[in-house]
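Subject: Structure handover

Hi,

Here is the structure for your next round of work. Please open it alongside this message.

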Amino acid sequence: MKRTLKSERISSSQRSTQEPALVKWLLIAVAMAFSVVFLFLPIINVFVQAFSKGAAHYWNVLAEPDTLSAIRLTLLTAAICVPLNVIFGVAASWAIAKFEFRGKSVLLTFIDLPFSISPVVSGLMFILLFGANGLFGPFLQSHGVKIIFALPGIVLATTFVTFPFVARELIPVMQATGSDQEQVAMTLGASGWQTFWHITLPSVKWGLLYGVILCNARAMGEFGAVSVVSGHIAGLTDTVPLRIEKLYNEFDPAAPFAVASLLALLALLTLAIKTFLVWKTERRERQAR
Amino acid sequence: MSIEVSKISKQFGNVPAVNDINFSVGDGELVALLGPSGCGKTTVLRMIGGLEMPTEGDIFIRGQRVNDVPVQKRNIGFVFQSYALFNSMTVFKNIAFGLKIKKWRKADIQDRVEDLVRLLELQGLEKRYPHQLSGGQRQRIAIARALAAKPDVLLLDEPFGAVDAKIRQELRQWLVNLHHDLKVTTLFVTHDQEEAMEVSDRIVIFSKGRLEQMGTPREVYEQPANEFVARFVGVMNILEMEVRDGRARLNELEFPAHGLADGQKIRIGFRPYSVSISTILGEYPFQAILRHTYFLGVMLRLELVLPSGLIVRSRISKEDYTRLGLTDGCKVSFQIRSYRVLSKEGEQMGDEVATSYESTLSIGEGI
């Protein structure tokens, strides 16, 4: 019985532009190996370690008051940062996609800035501005306003490092949509706000959602910048990542992994939503002409 | 609603897009803005619509100056070349959008949209989304949407640009019929001179930001104001000739040149239909060989080559072609029944309307 190789079964027209099967499988193997070593194994290890002392211990760790307040603080921070960055991201991407103005490239650079600065430096930046010896330090102290080592500082630092996510997702989407639809809306009598609400937002909703979940994932997982500005006060200014670090330096080997498993679950959830969104946008693009 | 455009200019930064445009459109007219790419015709359309502001000059709609009236309040309907349908809305919602903004009552919106759906043959598509429809359907929706709120003026930017040639023919006829029924003052931009000629009541021809000529299709075809218009609209034979002894001459060709000074160089143009052909070599004053025949349906275009290498394009009906027994390569004699002087040496081209000399030749008067 004759058995043809898979590559021979491909028609000649396909073959001329396709890599040989060997190259294809080699590349896939490399990508898989990379993912397994650097992604899958560590995440699986988190769960293995988290449950290494049994399920009861796992739930006890999570129920500790300090851990619960860390979870609350993380959720609160994300609940403030993400909407702020949505507003900023939408405004900035609108301006960039629709208008020509001086300083446009400066704004674009500024938006990318948090990606290039080390998070620790970002945190330090806020200390230098709002810390006791900082630029606004004396002014804030005399008014009894606490930013560093308190919630406002954590929110500021987290907002800064998650600045780019929403804007960077929206800019290409808005540019691709073009302004024809918005101009038509205006000829039909729609004001600027009505145009934005009825036409612009619906056309970018998937890109916006994607930017939001990325922003959220980073906001909840931020360590460096928050570590610098928070002061690590257990029960008050510890976020989940900070709590994990603290537990790691203590005696219970399973505890930090138990808390870390929460972030791992968040990562998996983010990934699942992202895959869904990518599928959704691709489906839409295939249907459009 | 009548439109008047007076001394309109538009600059984008340092780039002059449009310069000193003056024309008016009567109530209910269907006018084409015609010209090659980049000539400024779309800019003029957008200024009338309010999507661009003129740098200089005034625009009047219904006798009122509208320069300061924002686009939302001009009560115009605009159809983009890309149709720009709202992708996240159904066909019904697209058409109803303008009415919703204007706060019409729900029942009135329903009635109006149903009327338009019927008028534009979109029945059954109301709940579909734009990405599920063909190009022709999308275009009709774009027009329905523009007409929904009963605009004073309908503006179309290259409405047939994105469609197949065959469909384009049908859509042209359909637009003429629609305009006939609705009688809305309509302006449309096109680069296709055939389309402008077939569809519009009058044509405004642009080139490089300037208005070259405005007139009925017949006027711009038979009496082009300058060489640009003559070349752009239809096929034109253009020759550079020199006047000697009272006749315009170029190689073998010579015609009477009334009122032109000796020694003057002129550019003349004549349409293919002005050329008469005969297989009897003595019948007409000029000889040529029929090099190539182009089959264009009812008419055939003939390419005649003179002994000096000059090429003249003529036109003939299928019947005459067969009757004369013409074939590629056969010898013919021909005459040119009339020509226009497009420009004289030393004059600027395009700024002035060149005078035309309708000249019938003394031998073999026009058959």
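Below are the findings, grouped by region. Please keep in mind that this is a predicted model.

**Domains of chain B**
The domain assignment splits chain B into domain 1 (3-224) and domain 2 (235-344). Their C-alpha centres are 40 Å apart.

**Cores**
The largest nonpolar core counts 104 residues. Leu33(B), Ile48(B), Ala144(B), Ala148(B), Leu155(B) and Leu187(B) have the most contacts inside it. Its top contributor is helix α4 (residues 135-147) of chain B, which supplies six residues. Both domain 1 (3-224) and domain 2 (235-344) of chain B give residues to this core, so it lies between them. Another core, of 52 residues, lies apart from it. Cys81(A), Leu156(A), Met174(A) and Ala260(A) are among the residues of that other core.

Back to Ala148(B). Leaving out residues up to four places away in sequence, Ala148(B) touches Ile95(B), Ala96(B), Gly98(B), Leu99(B), Arg112(B), Val113(B) and Leu116(B).

**Sheet in chain B**
Five strands of chain B form an open sheet, in the order β13-β12-β11-β14-β20. The pairing is antiparallel. At the edges stand β13 (253-256) and β20 (340-344) of chain B. Each has a single partner strand, so one side of each is left without a neighbour in the sheet. From one strand to the next, the twist averages 35°.

Inside the sheet, β11 (residues 237-244) and β14 (residues 265-270) of chain B pair in the antiparallel sense over six bridges. One residue pair to look up: Glu242(B) has Lys265(B), in β14(B), as its bridge partner.

**Contact between chains A and B**
Chain B puts 19 residues into the contact, and chain A puts in 17 residues. On the side of chain B that touches chain A, β6 (76-79) and α2 (91-101) of chain B each supply at least two residues. That side of chain B has ten nonpolar, eight polar and one charged residue.

**Ser333(B)**
Ser333(B) sits in strand β19 (residues 331-336) of chain B. Is Ser333(B) buried or exposed? Neither: Ser333(B) is partly exposed, because 19 other C-beta atoms lie within 10 Å, and a buried residue needs 20 or more. Not counting residues up to four places away in sequence, Ser333(B) touches Ser278(B), Ile280(B), Leu281(B), Gly282(B), Glu283(B), Tyr284(B), Phe286(B) and Gln287(B). From Ser333(B) to Val176(B), the separation is 157 residues in sequence and 42 Å in space, C-alpha to C-alpha.

Best regards

Key. Residues numbered from 1 in each chain as written. Chains lettered and ligands numbered in written order. Predicted model: local features only at pLDDT ≥ 70, side-chain atom pairs only at ≥ 80, totals over all residues. Core = buried A, V, L, I, M, F, W, Y, C linked by C-beta atoms within 7 Å. Buried ≥ 20, exposed ≤ 12 C-beta atoms within 10 Å, placed from the backbone. Helix = DSSP H or I, 4+ residues; strand = E, 2+ residues; numbered from the N terminus. Domains from an automatic or database assignment. Contact = placed C-beta atoms within 7 Å. Pairing = 2+ DSSP bridges. Axes fitted to C-alpha atoms, helices over the stretch in contact; angles between N-to-C directions. Nonpolar A, V, L, I, M, F, W, Y, C, P; charged D, E, K, R; others polar.
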